[in-house]
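User: I would like a close look at the salt bridges of this chain, with enough of the surroundings to place them. Please begin with the chain as a whole before turning to the individual pairs.

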Amino acid sequence: MHEPEPEPAQPAESRWPMAGAVNASEVLTLLLPDDLRLGPRWALPLAEGLLLVALISGDPLRISRRSTALRAVSIALVTVLACGAIWSTVRLIDDLIHGGTETNSASALLLAGGSVWASTVLAFSLLYFELDSGGPAARAHHMPATPALAFPQQLSPELNALHWRPRYIDYLYLGFTNSTALSPTDVMPLAPWAKCVMTLQSIVSLVILGLVIARAVNVLA
């Protein structure tokens, strides 16, 4: 007889902030020009939507169920989001170097570049959210002594945050600040994979912002 899992020590995180980020990423994908999108217009949003529905069906409302199958679906969803964002970044860079339809108009270029940049922020934030400390379901039940990503509440004993858990908004903030400051701000990467991923995100953001702004200024001039 299968015994039910013990309740997490702290209230598990709501599913909806994470789901909202996936939906926002789908909208951004639909806004991209065809040559910056991986596959047909409907392909990525459909794949992301189906994976999200599977997650919500298996663990609705709050993320607390530890399951190998759900974990695999979560990783698949993050992989699709990351692949789509990186593909769009590569295609945007190629268009900026060799000339593309959207690079001859400052407004079209800024819209496309902004959509790609925002997509990378969402993709990396969900990547951090899913990989740190075994994922949200694992974090709801137990936080490791040494997390992969150390937030201020974990670095400052005077905050008395023994039972504190990072939520998706914390990872979204991490993704945004790492893409704008191009370096860690208040969240320190401790694990090698976290340092590698944050470095990759900074490089991607630097290339997008630098090339798009330079090209837009050149077009306006």
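Analyst: In this predicted model, the chain has a radius of gyration of 19 Å, which agrees with the value near 17 Å that a compact globule of 221 residues would have. Along the principal axes, the C-alpha atoms fill a box of roughly 65 × 40 × 25 Å. Of the 221 residues, 45% count as buried, and the chain exposes about 11000 Å², of which carbon and sulfur atoms supply 69%. Among the contacts with a separation of 6 or more, 73% are between residues 24 or more positions apart.

The secondary structure comes to 8 helices and 4 strands, and from the N terminus on the elements follow the order β-α-α-β-α-α-α-β-α-α-β-α.

Against that background, the structure holds 5 salt bridges. Side chains of opposite charge can pair when their charged atoms come close. The pair that joins two helices is a good place to start: Arg71 forms a salt bridge with Glu130, and the closest N and O atoms are 2.7 Å apart. Arg71 lies in helix 3 (residues 68-98) and Glu130 in helix 4, so this pair ties together parts that are 59 residues apart in sequence. The two partners can also be described by their cover: Arg71 counts as partly exposed at 26% relative accessibility, whereas Glu130 is buried, with a relative accessible area of 5%.

The helix that carries Glu130 deserves a description of its own. Helix 4 comprises residues 106-131, 26 residues in total, and reaches 37 Å from its first C-alpha to its last, close to the 38 Å expected at 1.5 Å a residue. Helix 4 is also mostly covered, with 19 of its 26 residues buried, and Glu130 is buried as well, at a relative accessible area of 5%. After helix 4 comes Ser133, whose phi is positive, near 55°.

Helix 3, which carries Arg71, also holds a salt bridge within itself: Arg91 and Asp94 both lie in this helix, 3 residues apart, about one turn of the helix. An α-helix has 3.6 residues a turn, so residues three or four places apart point the same way. In this pair, Arg91 forms a salt bridge with Asp94, the closest N and O atoms being 3.4 Å apart. Both partners are partly exposed, Arg91 with a relative accessible area of 24% and Asp94 with one of 28%. The pairing extends to a further residue, in that Arg91, Asp94 and Asp95 are linked in a network of salt bridges.

Another pair is made by Asp34 and Arg37, whose salt bridge has its closest N and O atoms 2.8 Å apart. Here the partners fall on opposite sides of the accessibility cut-offs, because buried means under 20% relative accessible area and exposed means over 50%: Asp34 counts as exposed at 57%, while Arg37 is buried at 5%.

The surroundings also include a nonpolar part of the surface, where Trp42, Leu46 and Leu50 form a patch with about 360 Å² of accessible area together. Of these residues, Leu50 has its place in helix 2 (residues 43-58) and is exposed, with a relative accessible area of 57%.

Backbone angles add a last element to the picture. Most residues other than glycine have a negative phi. Leu61, although not a glycine, has a positive phi of about 65°; Leu61 is found in the loop between helix 2 and strand 2 (62-63), and is exposed, with a relative accessible area of 55%. Leu182 likewise has a positive phi, near 60°, in a residue other than glycine. Leu182 is found in the loop between helix 7 (168-181) and strand 4 (188-189), and is partly exposed, with a relative accessible area of 31%.

Notes. Residues are numbered from 1 along each chain as its sequence is written. This is a predicted model: local features need pLDDT of at least 70, side-chain atom pairs count only at pLDDT 80 or more; totals for chains, interfaces and linings use all residues. Side-chain values use heavy atoms; hydrogens and water are left out. Patches are made of residues with over 30% relative accessible area and no salt bridge: like charges are joined within 9 Å, nonpolar side chains (Val, Leu, Ile, Met, Phe, Trp, Tyr) within 5 Å. Accessible areas come from the Shrake-Rupley method with a 1.4 Å probe; for residues, only the protein chains shown count as cover. A salt bridge is a side-chain nitrogen of Lys or Arg within 4 Å of a carboxyl oxygen of Asp or Glu. Helices (H or I, at least four residues) and strands (E, at least two) are DSSP runs, numbered from the N terminus. Buried means under 20% relative accessible area, exposed over 50%, partly exposed in between (1.4 Å probe, protein chains only). The expected span of a helix is 1.5 Å times one less than its number of residues. The radius of gyration is taken over C-alpha atoms; the globule rule is 2.2 Å times the number of residues to the power 0.38. Contact means heavy atoms within 4.5 Å.
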